[in-house]
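Here's a quick tour through one fold, taken piece by piece. Keep the viewer open and follow along.

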Amino acid sequence: MKSEKVTISASGPRERVYDDACGTALALEFIGERWSLLIMRELVYGPRRFGEIRANLPGISANVLTQRLESLEAAGIVLRYRLPSPANVQVYDLTDWGRDAAPLMRDLGRWAARSPRHDPSLFMSAASAMMSLQALVDRGRAAALSATVAFHFPGEDFVATVAGGEIRVRRGVAEAPDLAFTGDTLALRRTIYGKAPLDRDGAGGTLAVAGAVDLARSFIDLFTLPAKAG
C-alpha cells in the first residue's frame, strides 16, 4: 500500500505529501521536519531575531534554521518583518494562525513529560520553561490564586499572570509584580518542580525570590511534573 510520496523540490526544502485526508497528516507536512516545532515554541511569546532563535536551539546550524524559517513562512505559520527605529532589526514572529498552535505544543510537552526518557536536567530555553508552567499548572489550585509574577532570566524577562484558574505569559517586565523570581531555567526547575527550599539570594542554584514567601510557596505549589507512564 502506498502511504507516502516524497518529492524533492529544486527550489526549496523537501516536501512530504501523505495520502491521508487527516489534518494530522497535513500538520506533519507543515511542522514535521526536525526543529520546526521548536522554532515555533521560541516565537510563541513574541518576535525574535535570528540569532536569538538560534541561541535557544543548541545544535541547530544557521543553514538549517534558515531553511526551516523559510518553510514555515511559506506555509503561513511564520512571518518576517523589520522592527521600527531605534531597533531597526529584522525579526521573525508567528502569524495568528501559527500562534493558535501554542496549546497543542503545551499538550504535547505535557504528554511527552510522562515518558521515562524525559530528562528535566537538560538545556531548556526561557520560552520553553515558561511554556512548561502553562502546561503543568494545576488549574484547580490556580483558581484560588490571583497574582502577577515576574521572571528575570539572563537576557530575558517574562510576566506570568495567574487568574481564574489560568496562567497567562508574556515577554516583558512587570511594573509592580506581586512576586519576582530571578535565575536561569535550571534554577527554575530546581525551585518549582524540584521544590527546593526558597532563598532570597538563590543559594544552591535555586531562583532568588522577591516578595512574600507565603505567596511564593503558593505559586510553586501550582506545578508538578506528571507521573511517568507505565
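In this predicted model, helix 7 and helix 9 cross in the right-handed sense. Helix 7 covers residues 126-136 and helix 9 covers residues 185-193, and the two pack at an angle of about 20 degrees with their axes 10 Å apart. That angle is under 35 degrees, so helix 7 counts as roughly parallel to helix 9.

Which residues in helix 7 and helix 9 meet? From helix 7 come Ala 126, Ala 129, Ser 132, Leu 133 and Leu 136, and on the helix 9 side they meet Thr 185, Leu 188, Ile 192 and Tyr 193. Sorted by character, the residues of this contact between helix 7 and helix 9 are 7 nonpolar and 2 polar, with no charged ones.

Now for the sheet. It's an open one built from 5 strands in the order 7-6-5-8-9, with mixed pairing. Strand 7 and strand 9 sit at the edges, each pairing on one side only. On average, and ignoring direction, neighbouring strands of this sheet are turned by 20 degrees against each other.

Helix 7 turns up here as well: it lies across strand 5 (147-153), strand 6 and strand 7, and runs at about 165 degrees to strand 7. Helix 10 (residues 213-220) also packs on the sheet, where it touches strand 5, strand 6, strand 7, strand 8 (179-182) and strand 9. The direction of helix 10 makes about 70 degrees with that of strand 8.

Let's zoom in on the strand 7 edge. Strand 6 (residues 156-163) pairs with strand 7 in the antiparallel sense, over 6 bridges. Two of the partnerships are easy to pick out: Ala 163 is bridged to Glu 166 in strand 7, and Val 162 has Ile 167 in strand 7 as its bridge partner. The two strands make a hairpin with 2 residues between them, and Gly 164 in that turn has a positive phi of about 60 degrees.

What do the two faces of strand 7 (residues 166-171) look like, covered or uncovered? Ile 167, Val 169 and Arg 171 make up the covered face, while Glu 166, Arg 168 and Arg 170 make up the uncovered one. So, going back to those bridges, Glu 166, the partner of Ala 163, belongs to the uncovered face, and Ile 167, the partner of Val 162, belongs to the covered face.

A few backbone oddities are worth a look too. Here are two residues with positive phi that aren't glycines.

| Residue | Phi | Loop | Relative accessible area |
|---|---|---|---|
| Trp 35 | about 85 degrees | between helix 1 (23-31) and helix 2 (36-43) | 14%, buried |
| Lys 195 | about 55 degrees | between helix 9 and strand 9 (208-211) | 38%, partly exposed |

Trp 35 counts as buried because its relative accessible area is 14%, with the cut-off for buried at under 20%. Lys 195, at 38%, is partly exposed.

Where is the cis peptide bond that involves Pro 86? It's the one from Ser 85 to Pro 86, with omega near 10 degrees. Pro 86 is found in the loop between strand 3 (78-82) and strand 4 (90-94).

Key. Residues are numbered from 1 along each chain as its sequence is written. This is a predicted model: local features need pLDDT of at least 70, side-chain atom pairs count only at pLDDT 80 or more; totals for chains, interfaces and linings use all residues. Side-chain values use heavy atoms; hydrogens and water are left out. Axes are lines fitted to C-alpha atoms, for helices over the stretch in contact, and angles run from 0 to 180 degrees between N-to-C directions. Helices (H or I, at least four residues) and strands (E, at least two) are DSSP runs, numbered from the N terminus. Angles under 35 degrees count as roughly parallel, over 145 as roughly antiparallel, 65 to 115 as roughly perpendicular and the rest as oblique. A crossing is left-handed if the near helix is turned anticlockwise from the far one by less than a right angle, and right-handed if clockwise. Contact means heavy atoms within 4.5 Å. Ala, Val, Leu, Ile, Met, Phe, Trp, Tyr, Cys and Pro count as nonpolar, Asp, Glu, Lys and Arg as charged, and the others, Gly among them, as polar. Buried means under 20% relative accessible area, exposed over 50%, partly exposed in between (1.4 Å probe, protein chains only). Two strands pair if DSSP finds at least two bridges between them.
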